[in-house]
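Here's a quick walk through a structure, with an eye on its internal holes and one of its sheets. Have the viewer open as you read.

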Amino acid sequence: MKWVGLIFILFLQNHLVLGAKHYLFKTCEQSGFCKRNIHYAHNIEENYYTIDSFNIDETKAYISGNLIKSIPQGEISLNWQLGIVNGGFRFTVDEERHVKGIVNSKRFSPANEFNIEYVSRDQVSIEKSDILHISYNSTVIKVYPKFKIEVYDDKKLTMQINDDNLLNFEHYRLNNEGQMNTPESDFNMFQDDFKDSRDDKLPLGPESIALDFKFKGYQHLYGLPEHSDSLELGDKLYRLFNVDIFEYEINSTLPMYGSIPFLLAMNEQSSMGLFWINAADTYVDVKHSNQDTSTHWISENGVMDFIVFTKDSNRDIQKKYGDITGFTVLPPLFSLGYHQCRWNYNDEADVLDITEKFDEYEIPYDTIWLDIEYTDNKKYFTWNENFPNPTRMLQALDHTGRNLVVIIDPHIKKDYDVSNYLVENKLTIMNSQNSTYYGHCWPGESVWVDSLNPKVQQYWDSLHTSSGFMGNSSNVHIWNDMNEISVFDGPETSSPKDNLHYGGWEDRSVHNINGMKFHEITYDSLIKRQQETTRQRPFILTRSYFSGSQKTAAMWTGDNMSKWEYLKISIPMVLNNGLAGMPFAGADVGGFFGDPSKELLTRWYQTGIFYPFFRAHAHIDSRRREPWIPGDPFTSYIRDAIKLRYALLPVFYTSFYESSINGAPVLKPIFYDTGKHFDIEDEFYIGNSGILVKPVTEPDVKEQKIILPESGKYYNFVNGIPSTVTYKGDETISIPVTLNDIPMFVKGGHIIFTQPRYRRSSKLMVNDPYTITVFLDENNKADGDLYADDGESFNYQNGQFLKVHVEANESRINFVVENSWNAKYINKVIVVGKDIKTFNVKISLNGNYTFKFENQHIHELIHDEL
Ligand code: NOJ
């Protein structure tokens, strides 16, 4: 008995130490606006909202009018607007609110961050009868006087809005005015009784907004990151509220560091999208029923503002969402290489020793990272005595094409020149009394830079110039962490909601964009700095993010653990960010907390090489685990994996290029192009390359099952090695695996560009020749694409890039150079069909050529031979 008791206590302790601290975060039940709206949903029986009047704009496809909310005391008049945008429509509801005081009493919408344009009036037909009919392309939107919207695509009902009468717009009222309809609850309207936020006075009272959207005929929903949960959204309540969630759990809908209020709905034939343009604390309740999926969106405040992307292909919806929120940055090539991070590398000698070890072990790597300990006492923009000459260190790194990323967080230690400047110039986040807010973070007592204040930019620029702490080296980049914001002694680990930002906006209104605004000011500063120095593209990693973050930063999934489950869930987490327009994503390889076994570490590298952002990172208390630490055979397997990532860099870079113009994910779940296998979250294609991967994410695996999703044939490509072994597609197969095997396949019909020559870093690969591997399909055909540029400057925007399309059959290969740049060349062509033929060549990619394969030779065809 005694032992059982002891074991139980140990289990409990372990559990307490290693679990997310649920008690720090509000549940819906504990959150005023969420509980009130769920209560409303359970009790609602009638529709209190009526479209009263409207005007139609003569130049733009834009209608505006009054929406009347009936309450027992009379009527509340709200404003609504509906405008047709490319691919869908935008709808907003707002109220006039003039309340004197320091808090901005307007309702906030982050729409200014985006590029939303209405189409011209002549593209749309609008008919007014009882019901308003708006027709655009093959879409008809019907707005009913008892407020409700129906969307028809090709005459089929595809969406119902407010069909469940969940529209709730908590209009402005004074405490105890009693302006409520029967189904409403008054829980925590003017106070917050959650233990850590009792000081929140809710100066504007209840102001939540909520609405229901039913996707008709769409059962599969994706998006709404960030959660450590399955790729496909289930019948759950998802919270979007950026927080620093310590030791987060998996399979959870608790909020995390980032929020993207965008979802993609799919069925076998088509897709729809919904972008809820709101930066406040938000819950989305998802429920599936038969063929439909209902979603109930609840935000704490803000303008009700959303865009529905009407029926289209998933690709087109992602493109249109990208037209509005921006496309992923085309990353500098080095940032697609391998990043070596830990908290912390201790001093200059440590950094250079790590670099040497990579060379000694012949493992390519591009970037070493410095976490918070490099600073003088956590004072950002300073170096401590262990880094006496950062420029010297950067030059040494540059010698082998290596880069450095240093961390800069938004909390600024109290009482040194940076915080003094911010405080004196009122550039900090303020408390509810409009004086500087102080809280605790890594440096102890700190203030937070208010990135929403336009005056901050100039000062931020001055901290990043070449005369500042970064010097004039071009190989130094920035990591913006803790920008949710993380406040150790704040409610829910973050800013009190009644803190004030520039413009008198409560944190409550702007919370979820704050992290993005922070990495955006850094990006602008780095752009200016680079203009002074080398015009290189900046690289920024951010932990907190929002719709639009993709334009300037990469993200990673924060503080995971060195456990198999976390390796496994990293795949759907990364895939889901890609579906939500944020493809430059990764997870800490090896796991942040704890010490991975050698097997887990190996498998994590073999998975991590496919993350668009590939970085190993570890907690300060964890043991060192650089690739050579586990020793052979593990080190060899890890080396092979990292080398494979480098060989595949042309594939990743080309996929990023495509994503940067069309918004498609870099890693695509297998349903993305096939409209099948909607629940599969552990396999993916790399862009359009045809490379299919299912990493091993469990211990002791001897055999791996893989779904080959499309018909046709798949070539075995385990470890990136071409083989004539093929499998019939549209089937599930099983292959044997050992610890050095990465299960990979190529769909017949693809041509892949690789750069397999070992180099110490990607910079040294720039002039390396390409190998192209042709995987013939059942009709003996294949094609593929390559995009390349200098990998570091913005010159590609002036046409300095290479774009090639290649087509081949069993006897010929044809290169079409769509844009030519520099003398890139191919030195090997491998044709894989019934057998493997290898041709050593020297083909310059500077014109259109056709070559013929003959026995062991390949020769160019000219004019009449063609
Ligand atoms: C939290 C980050 O998630 C982690 O990656 C980092 O090492 C620590 N902050 C210390 O800066």
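## Cavities and a sheet

Of the 15 residues lining the largest cavity, Leu 333, Gln 755, Tyr 770, Ala 788 and Lys 824 sit nearest its centre. Two elements give two or more residues to that lining: helix H12 (649-662) and strand S42 (781-788). Keep in mind that this is a predicted model.

In total, ten cavities reach 30 Å³ or more. Here's how the top two line up:

| Cavity | Volume | Lining residues | Nonpolar | Polar | Charged |
|---|---|---|---|---|---|
| Largest | about 140 Å³ | 15 residues | ten residues | three residues | two residues |
| Second largest | about 110 Å³ | 16 residues | three residues | five residues | eight residues |

For the second largest cavity, the residues nearest the centre are Gly 32, Phe 33, Asn 188, Leu 202 and Glu 300. Helix H2 (residues 32-43) gives the most to this lining, with three residues.

Now for the sheet. Eight strands make up an open, antiparallel sheet, running S1-S2-S3-S4-S18-S15-S14-S12. Strand S1 (49-56) and strand S12 (220-223) are its edges, each pairing on one side only. On average, neighbouring strands are turned by 20° against each other, direction ignored. Helix H3 (residues 314-325) packs on this sheet and touches S14, strand S15 (271-276) and strand S18 (304-312). The direction of H3 makes about 150° with that of S18.

At the S12 edge, four bridges link S12 to strand S14 (residues 262-266) in the antiparallel sense. To pick out one pair there, Gly 223 has Leu 263 in S14 as its bridge partner.

Definitions and conventions: Residues numbered from 1 in each chain as written. Predicted model: local features only at pLDDT ≥ 70, side-chain atom pairs only at ≥ 80, totals over all residues. Heavy atoms only, no water. Pairing = 2+ DSSP bridges. Axes fitted to C-alpha atoms, helices over the stretch in contact; angles between N-to-C directions. Contact = heavy atoms within 4.5 Å. 1 Å grid on protein atoms, 1.4 Å probe; cavity = no way out; pocket = protein on both sides within 12 Å on 5 of 7 lines; lining within 4 Å. Points joined across faces, edges and corners; volume = space filled by probe spheres on them. Nonpolar A, V, L, I, M, F, W, Y, C, P; charged D, E, K, R; others polar.
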